[in-house]
Amino acid sequence: MKLSTVLILFIFILFSCETKDNKKMVEIWKEEVIKTETEFCNLSKKEGMNVAFMKYVADDGVLLRNNRLIKGKNSIKQFMINNTSKGLSWKPDFVDVSLSGDLAYTYGKYTYVYKDSSHNTKISKGIFHTVWKRQPDNTWKFVWD
């Protein structure tokens, strides 16, 4: 065999192995994201939305609320400061993670139970979509919600 043929074959085998390993890692990373999403929801129900959102938002996170973008952790903190509700719950129906393991996204259904201005209990249901980014300390924080 020519050296170039051997080199091409070696590179092909090398990349084939890396892809299989990455695909195995993707499943592990998906489990990490689901666990993070579950802990995020549980904290929201236990300590309130404001506490949970501040723990799980990245410094450059963005919220879309009422057709408005709230950009950055400090702005989100100001927006969420009085939102102490414990009535938000959700569960992802789908998760995917990039082959590089640095970005992920989830979507699923949420339920929000709250009191209106007349103190009547209201229930809002919908679909959520969250984009997650792996942080330098290997934790997952959301960059879009």
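A salt bridge here is a side-chain nitrogen of Lys or Arg within 4 Å of a carboxyl oxygen of Asp or Glu. By that rule, this model has six salt bridges. And to be clear, this is a predicted model.

I'll start with the sheet, then come back to the charged pairs.

The sheet is open and has six strands. Read across, the order is β2-β1-β6-β5-β4-β3. The pairing is mixed. At the edges sit β2, residues 68-71, and β3. Each of those pairs on one side only. On average, neighbouring strands are turned by 30 degrees against each other, direction ignored.

Now look at the β2 end. β1 and β2 run antiparallel, paired over four bridges. To place yourself in that pair, find V62: its bridge partner in β2 is K71.

Next, the helices on this sheet. Helix α2, residues 49-56, packs on it. α2 touches β1, β3, β4, β5 and β6. Its direction makes about 130 degrees with that of β1. Helix α3, residues 73-80, lies across β1 and β2. α3 runs at about 50 degrees to β1.

Back to the salt bridges. I'll show three of them.

First slide: E39 and K35. Their side chains meet at 3.6 Å, N to O. Both belong to helix α1, residues 3-47. They are four residues apart, so about one helical turn separates them. How accessible is each partner? E39 is partly exposed, at 34% relative accessible area. K35 counts as exposed, at 53%.

Next pair: D145 and R65. The closest N and O atoms are 2.6 Å apart. This bridge links distant parts of the chain, with the two positions 80 residues apart. R65 is in strand β1, residues 57-65. D145 is in the segment after β6, which covers 140-144. Is D145 buried or exposed? Buried: its relative accessible area is 14%, and the cut-off is under 20%. R65 comes out at 22%, so this residue is partly exposed.

Last pair: D93 and K109. The salt bridge is 3.0 Å, N to O. Again, distant parts of the chain are linked, here 16 residues apart. D93 lies in strand β3, residues 88-97. K109 lies in strand β4, residues 103-115. Both residues are exposed.

So keep two pictures in mind. One is the sheet, with β2 and β3 at its edges. The other is the set of charged pairs, including one within helix α1 and one that joins β3 to β4.

Note on methods: Residues numbered from 1 in each chain as written. Predicted model: local features only at pLDDT ≥ 70, side-chain atom pairs only at ≥ 80, totals over all residues. Heavy atoms only, no water. Buried < 20%, exposed > 50% of the residue type's maximum accessible area, 1.4 Å probe, protein only. Pairing = 2+ DSSP bridges. Axes fitted to C-alpha atoms, helices over the stretch in contact; angles between N-to-C directions. Contact = heavy atoms within 4.5 Å.
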